[in-house]
Amino acid sequence: MTKEEIEFSWKRTLMAAILLAAYSFIWEAVAAEYGTDQEYPRQLFYINAVLLAGLCVKFELPEKWRGQLAAIIFSLSTVSCFLEIEKLHENEIGDMKFLFAALNYLLIITVFFLLHAVLNRFVLTIALGTGIFTFYGLLYSFVKEFRGNGLRAADLYAVQTAVNVAEGYSLEFTYDRIEAIMWMLLWTLLAANLHYRHKKYDRVKSCAVSTGLVCIVVSLAGNTTFMEENSVKPYLWELASSEKDHGALLDFAAGIPYLKMRSPSGYTSEIALQIESGRKSTSVQCETVSAEQKQPHMIVIMNESFADFRKLGDIQLNQNILENWDALTENVVKGYVSVPIFGGWTANSEFEFLTGFSNAFFPSGTIPYQNYVKKGTPSLNSQLKEQGYTSIFMHPMDATGWNRKNVYQALEFDHTYYLEDMEDIECLRHVPSDRGDYEELIEKFQEQKQNGPVFLFNVTMQNHGGYTWGGMENPVQILNPQGNYSKAEEYFALIRESDKALRELLDYFDQEQEPVVVCMFGDHYPKVEEELYDALENSSQGTQVEKTAREYQVPFMIYANYDIPEAQYENISLNYLSTLLCQTAQIPLTDYQNYLLGLYEKYPVVNVYGVKNQEGQWFTWDEAMEFEEIKEYEMVQYRNLFDKK
């Protein structure tokens with residue numbers, strides 16, 4: 001290579017030196033913190049360092065070589081993005097169907113060509129393209145680590161909620177995450193060192209190719225037959241399998257068209273109304289409060305991540321963390337309730353309880369609080385307000401989470417209280433504790449009870465992940481199964497405190513002279529060590545469907561400070577729980593609740609995970625949607641939520 005083909009610049013040298021110094025400093029800091037002294041990432045570090053140093057010299061390669069190398073870098077960087085995204089969520093590309101792998105790559109290369117068409121700069125295209133997909137892969141892996149499944153299309157509506165709860169988690173840049181960042185830098189630096197000169201018609205070519213690729217993507221997404229026959233849509237009830245089969249990017253993108261709700265096949269409002277009127281319970285009748293009786297106050301607590309791991313398998317702790325819960329035997333209805341979520345998405349359990357609607361009929365990954373709740377949406381609150389109740393919603397967290405501020409205005413709660421309304425609330429590991437939350441609850445109850453019966457719905461925060469704060473007094477130890485389960489042990493210590501706080505709350509209401517019904521249930525299982533879930537599953541009996549279904553079953557209880565018939569429920573899905581609560585409190589049922597009672601007699605569990613009939617048999621949704629009663633339920637729910645006049 002002649003001197004004429006090499007151009008040296010002190011300005012570029014100074015810039016390269018500064019970047020190299022910063023790069024080396026950051027690397028050493030990361031290596032000291034996370035131990036990235038393994039050979040493979042260190043090799044990438046040295047290669048990138050050489051490329052950074054090389055920026056001080058501009059090599060004048062022949063145009064033919066320059067164009068060919070640019071095409072190679074462009075192609076390899078898009079392939080690298082696909083490989084790294086799948087590696088970050090621990091997915092084997094070799095196990096994916098060729099169609100799904102091809103569609104993932106199609107989405108990536110389409111974005112790259114669109115960027116080049118807009119920017120018309122080779123280096124910027126590579127830097128921004130690899131940066132976008134590396135960020136997506138990292139975000140996907142962090143979300144999957146926190147809640148058990150990666151990004152879904154519905155998360156587009158939940159950015160503010162993610163910001164609110166992120167403080168409780170710690171981000172660890174693992175080997176794979178650091179490697180993904182290093183590859184992003186590698187392709188960017190290679191592109192920068194190439195000094196590719198754009199030709200006159202490069203943008204025209206990019207516009208033409210990107211337009212063609214966009215047309216292909218849109219036509220495939222709009223081809224219902226293609227999407228259905230090839231299962232190019234997120235699975236409704238098994239999120240882990242969905243993201244594994246489709247790949248992280250396709251699973252997210254394929255969910256976007258399904259965020260819009262469609263009416264059921266064969267639906268009319270008249271047919272749905274006839275079904276609701278004609279299929280009611282024949283064996284269970286609800287007694288109502290007589291004129292001489294006083295309507296009970298209704299206190300409902302959805303307790304964050306409140307779960308009973310004894311349900312999952314053979315677990316032994318060094319202490320009973322549910323001592324008070326287990327001791328509740330008089331004037332109580334207890335059991336397990338199937339919730340629609342695992343590890344996160346609290347608002348979906350919230351929605352099912354308040355409305356009696358099942359998330360199972362919504363597009364995969366949907367969050368009804370973000371999509372469907374509007375003024376006039378029927379709920380337990382609208383039902384109780386007709387009976388003269390004053391309603392209160394309280395949650396010791398920001399009002400922006402899960403769109404709650406708008407939701408509870410739409411549901412027309414009389415009073416709403418969030419963290420900003422609670423001064424000096426007691427905290428546990430920097431999160432409002434159940435005890436502090438219940439003190440606020442009692443205060444709000446006392447303020448309103450003189451105005452008549454009170455309906456108070458409380459969503460707690462104490463047990464929210466991540467479980468990495470440490471410092472819990474009298475720590476809980478897992479004796480069996482053996483292993484290092486530090487997150488789970490911190491979680492169990494929190495549940496022990498929830499159990500104590502609940503007993504104190506019930507003791508308070510036992511002294512209340514007016515009738516009170518207290519309902520408490522968990523919203524989902526926590527995201528703790530996967531190894532613990534695996535060990536408990538291996539120690540349990542039943543089919544794989546039954547074992548997985550247990551991970552959606554959390555405790556519930558309905559307790560009264562007066563005499564009520566005791567009952568035990570092996571399993572009931574959450575869409576039925578508010579109806580059971582009204583039955584227990586002798587509140588007049590709505591037509592929809594009477595319909596649910598009839599459906600419950602045949603299908604006691606209708607859940608996102610699956611459907612269970614009265615004989616205890618579990619069915620997937622592909623199987624359940626062949627049942628006439630389930631098809632009818634979809635119509636009845638659609639009418640009540642979207643088409644009620």
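Biologist: In what order do the strands of the open sheet of 8 strands run?

Modeller: The model is predicted. Pairing in this open sheet is mixed. Strand 7 and strand 14 (567-573) are the edge strands, each pairing on one side only. From one strand to the next the twist averages 15 degrees. The order is 7-6-10-3-12-13-5-14.

Biologist: How many bridges join strand 6 to strand 10?

Modeller: Strand 6 covers residues 390-395, and strand 10 covers residues 454-459. The two run parallel. One bridge partner pair is M394 with N458 of strand 10. The number of bridges is 5.

Biologist: Which residue in strand 7 is the bridge partner of F393?

Modeller: Strand 6 and strand 7 (residues 415-418) pair in the parallel sense. That pairing has 4 bridges. The partner of F393 is T416.

Biologist: Are the two faces of strand 6 covered or open?

Modeller: Buried means under 20% relative accessible area. By that cut-off, 6 of the 6 residues of strand 6 are buried. In a regular strand, side chains alternate between the two faces of the sheet. One side holds T390, I392 and M394, the other S391, F393 and H395, and both faces are covered.

Biologist: Which residue of strand 12 stands opposite I299?

Modeller: Strand 3 (residues 297-303) pairs with strand 12 (residues 516-522) in the parallel sense. The pair shares 7 bridges. Opposite I299 stands V518.

Biologist: What angle does helix 14 make with strand 10?

Modeller: Helix 14 (residues 346-355) packs on the sheet. It touches strand 3, strand 6, strand 10 and strand 12. Its direction and that of strand 10 make about 160 degrees.

Biologist: Which strands does helix 18 lie across?

Modeller: Helix 18 spans residues 434-448. It runs at about 160 degrees to strand 10. The strands it lies across are strand 3, strand 6, strand 7, strand 10 and strand 12.

Biologist: Why is helix 11 largely enclosed by the rest of the structure?

Modeller: Helix 11 takes up residues 248-255. Its buried residues are A248, L249, L250, D251, F252, A254 and G255. Helix 11 is largely enclosed because the buried residues number 7 of the 8.

Biologist: Is helix 23 roughly parallel or roughly antiparallel to helix 25?

Modeller: The axes of helix 23 (residues 591-602) and helix 25 (residues 628-642) come within 12 Å. They cross at roughly 160 degrees. Angles over 145 degrees count as roughly antiparallel. Helix 23 is therefore roughly antiparallel to helix 25.

Biologist: How many nonpolar, polar and charged residues make the contact of helix 23 with helix 25?

Modeller: Helix 23 passes helix 25 in a left-handed crossing. Helix 23 contributes Y592, Y595, L596, L599 and K602. Helix 25 contributes E629, E632, Y633, V636, Q637 and N640. By class, the contact has 6 nonpolar, 2 polar and 3 charged residues.

Biologist: What is the relative accessible area of Q593?

Modeller: Q593 is in helix 23. Leaving out residues up to four places away in sequence, Q593 touches Q383, S578, T579, C582 and P588. Q593 is buried, and its relative accessible area is 5%.

Biologist: Which strands stand at the edges of the open sheet with the order 15-16-17?

Modeller: The 3 strands of this sheet pair in the antiparallel sense. Strand 15 joins strand 16 (residues 611-612) by 2 bridges, and V606 stands opposite V611. Each edge strand has a single partner strand, so one side is left without a neighbour in the sheet. Those edges are strand 15 (605-606) and strand 17 (618-619).

Biologist: Is E412 buried or partly exposed?

Modeller: E412 lies in the loop between helix 17 (404-410) and strand 7. Its phi is positive, about 60 degrees, although E412 is not a glycine. At 39% relative accessibility, E412 counts as partly exposed.

Biologist: What is the relative accessible area of R429?

Modeller: R429 sits in the loop between strand 8 (427-428) and strand 9 (431-432). R429 is not a glycine, yet has a positive phi of about 50 degrees. R429 is buried, at a relative accessible area of 9%.

Biologist: Is the peptide bond from N480 to P481 cis or trans?

Modeller: P481 has its place in the loop between strand 11 (478-480) and helix 19 (486-510). Omega for the bond is near 0 degrees. The bond from N480 to P481 is cis.

Key: Residues are numbered from 1 along each chain as its sequence is written. This is a predicted model: local features need pLDDT of at least 70, side-chain atom pairs count only at pLDDT 80 or more; totals for chains, interfaces and linings use all residues. Side-chain values use heavy atoms; hydrogens and water are left out. Axes are lines fitted to C-alpha atoms, for helices over the stretch in contact, and angles run from 0 to 180 degrees between N-to-C directions. Angles under 35 degrees count as roughly parallel, over 145 as roughly antiparallel, 65 to 115 as roughly perpendicular and the rest as oblique. A crossing is left-handed if the near helix is turned anticlockwise from the far one by less than a right angle, and right-handed if clockwise. Contact means heavy atoms within 4.5 Å. Ala, Val, Leu, Ile, Met, Phe, Trp, Tyr, Cys and Pro count as nonpolar, Asp, Glu, Lys and Arg as charged, and the others, Gly among them, as polar. Two strands pair if DSSP finds at least two bridges between them. Buried means under 20% relative accessible area, exposed over 50%, partly exposed in between (1.4 Å probe, protein chains only).
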